[in-house]
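Biologist: Hey, I've just opened this one and don't know my way around yet. Can you walk me through it?

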Amino acid sequence: MKGNGTKIGFIVAFLAISIYYLWPTLANVLEQNYIDDLPQAERVEYRQENTQRLQDLRQNSLSLGLDLQGGMHVTLEVGTAQFLRELAGENADTTLVNVIEDAKQTALQNDTDFIDEMVNEFEQRYPDGRLSRYYRSDAENITRRSSNQEIQEYLKKQRDSAVDRAMEIIRTRVDRYGVTEPGIFKQGNNRVVVELPGVANKERVRNLLKGTARLEFRLVAQPDEISNAKDRILSYYNNQASSDTTDSVQQGGAQNPLTQVLSTRTRNPYVFGYASGRDTAKVNELLDRPEVQNLLPRNVVLMWGANAFQETQQGGEMFRLIGVRSEVELTGEVIEEASVNFDRATNQPRVSMNMNAEGARRWARITGANIGKPIAIVLDGYVYSFPNVETKISNGRSSISGLESVTEAEDLVNILLSGALPAPLQIIEERTVGATLGEQSIQAGFYSTLIGLLIVAIFMIVYYRSGGAIADLALILNIVFILGILAAFKATLTLPGIAGIVLTIGMAVDANVLIFDRIREEARSGKTLRASIEGGYSNAMSAIMDANVTTFFVGVILYSFGVGPIKGFAVTLMAGIVSSLFSAIVITRVVVDYLTRDKSADVSFG
Amino acid sequence: MRWFETPNFDFIKVHNYAYIFSGILIVLSIIGIFTKGLQYGIDFKGGKEFVLEFEKPVNVTDIRSQLSGPLEGTPSVKLFGSPRDILIRTDNPGDITEVQNTIMSNMEELYSDNSANVIKTDIVGPRFAEDLKEGALNAIIFALIVVFIYILIRFKDWTFSAGAVTALFHDVLIVLGVFTIFGDLMPFSMQIDQSIIAAFLTIVGYSLNDTVVVFDRVRENNLLYKTMDYGEMVNKSLNDTLSRTVITSLTTLFVVTVLFIFGGEVLKGFSFALMLGIIIGTYSSLFVATPTVVELQSRKENA
C-alpha cells in the first residue's frame, strides 16, 4: 500500500492531461453533430456566429491524416540540373552541360548529393579547371578567383534558397487557391511535400503546383523562313522514306513519316503545321532529331499552341505548331498586376497584365518596331496567342487570350502574381483519397477498435476473472492515454495509425498476462495472495521491460524510415507501448492493492 | 479458466521435426521468391494506380481489355473490396491528368449507363519508388542489427542474439514467401509496399517480444537450477511461459483478425501479413529461436 499515493497522483495527473488535450476533439465532434441536426437555415447562421470558436476547436482537435479526411498529397522535386544550368546563365557551355548530365546520373545511382557529384565530376575531368568560369555572384562574393570549394558552398546555398523560394511560392499559390490548413514541408534537400486536405480538382492543383509560369514575349519567324524550313524538312523525310526499301515493300509505297502525323498545308504563314493532340508526341520526336533541327534557321524554334484551334469531325482536337524566334524579347518578371476580364469581341476570358516602368519602356520599343507583325505570348513553352501588333503600346499593357475557361484564367493570374518558380518542379509522388473513402476508413477503424476491444476484454474476464476485469479497466484508460498523447504531440491520426491502436489493444494486455501468470505461479508454490501479487509484479518486470523496449525500438526505426501514413502507425505503436506499460503496471497495481487491502480479501486471477 | 497450468511438452526433443518443417517452408519460400520474384507494389515499383467506384457492379475482364489499347500495355485490373470498386494499375509513363482522362473516357464508353468516380489515386515516380525501396531495406536491416545488439547487451551472450535473429529471418522469409507465391490467388492486394514493410517490422517486434520473454525465463531459471541439464532447463522455461505465450498470441491474433475483417480494403494486405506473422512468430519462438540457442550453447561448450 505504501507509495500508492504517488501512483494515484500520477494516474490522476495523466488522465487529467489526456482529457485536457482531448477536450477540443470531443467538443468539435459534438459541435459538428449539433450543427448537422440543425435545420438548413439555422446552420449557416450558427456557423457565422461562432466562426472563431469553431475554428479554434478544429485547430486544437486531434488532426486526421489525408487518408481519413480525404485530400491530396504531392511530393515535388526541384529540377537541380536545370537550375544549375540556368544559374550559370550565358557562361554555360557544352562542357558544363555534360558535367551536369553525368553528375545527375551518378548522384542518382549512388544516392549522393547532386552538387557534390557535379564538383567531383568537374574536377576529375579538368584537374586544373575552375568552376568560377561558370558561376559568379557579387552579392555572395564569388569572383573569378573563388576556389571550387567556395563555389560548391555557394551552389548549395543557392539551391537551398531556390527550394525555400519554391516553397514560399507554392504556399502563396495554395493560399490563393483556397485550401484550409494546407501542409507544406521540405523533404531532403530538393523536395517539397504539399498536403492539401479536401481538395477535389486534382488537375487544377497539379497545374497550379508545377506551373513555372515562365511568361515570354517573342517575335514570330518570317513567313519565308518557315516555309523554306518546311520544304527542307519535308524533302529530308521524303528522301528517307524512298531510300527505306524494306518499308516501301511492306506498305506498298514510300510514306513520308512526318506528313502522316502533321498536316503541313496551312493558311496562316506563321504556322508550320498542325496535328491532333495524340500525334504531338510523335511529331516532337520526328522534329527533335539533331539532323532535322539543323534544317531550321538557328534563330527559329517551333512551339505548340497551348489550346486546340479546331476540332476534327471525329471530335479530335487539332493543335498548331508555330515558328517563333529563339530570342526572348521580354519575360514575365516585368508583370506588376494581372487580372481576369473578358474580350469584348469574342466574350472569351483573358488575363490583362500591367508592366512596371522598365517593362513598359521595353514593351513600347518592341511593339513600336514590329507594327503589323505578330508577337507570340509564350507561357511555359506553349504559345497562347500571337496577335498582330497594331500600334505602339506605351502604357505597358498586354493580355493573354486563348484561354479555355475562367478558372484557367484565374489560376494563371494566381501563378503570375505569386512569382515564377526559380526552377521547374516535377511531381514525383501523388496520392489522393476521396472524402467518402476517408469516411469509410474512419468508420472501419472505429468499428475495428470497438470490436477488438470487446473481444479482448471479454476474453480477459473469462480467463482471469476479476484480474481480467482490472486489466480491462487499464486497457480502456490506455486508449484514452494513447489518444491524449497523440493530441498533446499534435500527431496526425492515419488509418495505419488506427491499426496501430487496434494492435496495441491486443498487445497491451501482454504485460498483464505476464503479471497474472506469474501471480498464479507464485500462488501454486504456496505463497499467500498478497505475497503472490508482490512476487508476480516484481518478477514479471524484467520480461515486460525487455519485450517492450525491443518493440519500441522497432517503432523508432519505422518512424525514421517510414513516410506519411506509416509514420502514423509508428507513432501510435510507440505511444501505445508507453501508455500500456503505465496502465498495465501502475494502474492495475493500484487497483489490485486496493482490493486486497484487507488480509481476508480475495481477488481471483482465474 | 486455466490452460497449460503445468505443461510438460518436450520442445527441445521435437526441434528436429520443427527444423525440417521450417526448412521446407523456407526452401519453398526461397524458390517462390527466386522464380516469381518479389511482387512489388506501387510504392517500390512506381506507376499509377486509380481506384474507381461505379454505381453498379462491373466486369474486371471487360475493363482490362477495354483499357489495354489506349493505355499501351495491359493494365492490372482488380476488384477493390466490392464488385463496384475497381483498382486499375498502369505503367503508362504519360502525364497523370491525361492517363486519368483516358481511363475515364474509356469507362464511359464501356459503361455508358454506369458512371464512375475516382476515389483514390496513387502515383509514384520510378526514382521516388527507388528511394522508398532503399528506405524500407535500410529499415529492416537496421531493425535486425538493433535487435541483435540489444539482446547481446541484455543477455550478455551472442547465442541468444543469434537465436532471436534466426527466428526473425525465419518469420519474415516465410511471410514474404506466402505473399509472393499466393499473391495472385487472394482477392485482395498482396503486393509488397510500404504498409507491408511496416507489418514486417511489427512482426519482427512481435516475434521478438515472444522470444525475449522465453529468454528472460531461461536466464532466470539458469540461476535457479544450476545442476539441471541446459536443454532440460530451457525446456522447463518454455513450459513455464507457455501459458503467457499462447494467451498473448491469442489476444493479438483476435484484434488483427478483427482488423482484417472490419478494417477496410486498404488494410487487408497489412493485417493479413500480421495474422501470418503472429502465427509463425509464436511457432518460431517456441520451436526455432530457443532450440537454436540450446544447440549453439552445446556446440560452444563442446568446442
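Modeller: Sure. One term before we start: two strands pair if DSSP finds at least two bridges between them. Also, keep in mind that this is a predicted model.

Biologist: Okay, so which strand of chain B does E16(A) pair with?

Modeller: That's strand E4 of chain B, residues 116–124. The two run in the antiparallel sense and share 5 bridges. In that pairing, A:Glu429 sits opposite B:Val124 in E4(B).

Biologist: And how many residues of chain A are in contact with chain B?

Modeller: 57 residues of chain A, and they touch 54 residues of chain B. On the chain A side, elements that each supply at least two residues include strand E16 (425–433), helix H9 (202–210) and helix H19 (495–524). Helix H17 (435–464) is also one of them, and H17(A) gives the most, with 15 residues.

Biologist: What's that side of chain A like by class?

Modeller: There are 33 nonpolar, 15 polar and 9 charged residues on the side of chain A that touches chain B.

Biologist: Switching topic: how is chain A divided into domains?

Modeller: Domain 1 is 4–61 + 435–595, domain 2 is 75–210 and domain 3 is 214–404. Taken over C-alpha atoms, the centres of domain 1 and domain 3 of chain A are 63 Å apart.

Biologist: What about chain B, how is that one divided?

Modeller: Into domain 1, which is 15–41 + 128–302, and domain 2, which is 48–122. For those domains of chain B, the C-alpha centres lie 38 Å apart.

Biologist: Back to chain A. In what order do the strands of its open sheet E10-E5-E13-E14 come, and is the pairing parallel or antiparallel?

Modeller: The order is just as you wrote it, with 4 strands in antiparallel pairing. E10 (330–331) and E14 (382–385) of chain A stand at the edges with a single partner strand each, so one side of each has no neighbour in the sheet.

Biologist: Which residue stands opposite A:Phe217?

Modeller: A:Leu330, in E10(A). Strand E5 of chain A (residues 215–219) and E10(A) pair over 2 bridges, in the antiparallel sense.

Biologist: One more: why is E6 of chain A largely enclosed by the rest of the structure?

Modeller: Because 5 of the 6 residues in that strand, 271–276, are buried. Buried here means that 20 or more other C-beta atoms lie within 10 Å of the residue's own.

Biologist: Which strand does E6(A) pair with?

Modeller: Strand E9 of chain A, residues 317–325, in the antiparallel sense over 5 bridges. A:Ala275 stands opposite A:Phe319 there.

Methods. Residues numbered from 1 in each chain as written. Chains lettered and ligands numbered in written order. Predicted model: local features only at pLDDT ≥ 70, side-chain atom pairs only at ≥ 80, totals over all residues. Buried ≥ 20, exposed ≤ 12 C-beta atoms within 10 Å, placed from the backbone. Domains from an automatic or database assignment. Contact = placed C-beta atoms within 7 Å. Nonpolar A, V, L, I, M, F, W, Y, C, P; charged D, E, K, R; others polar.
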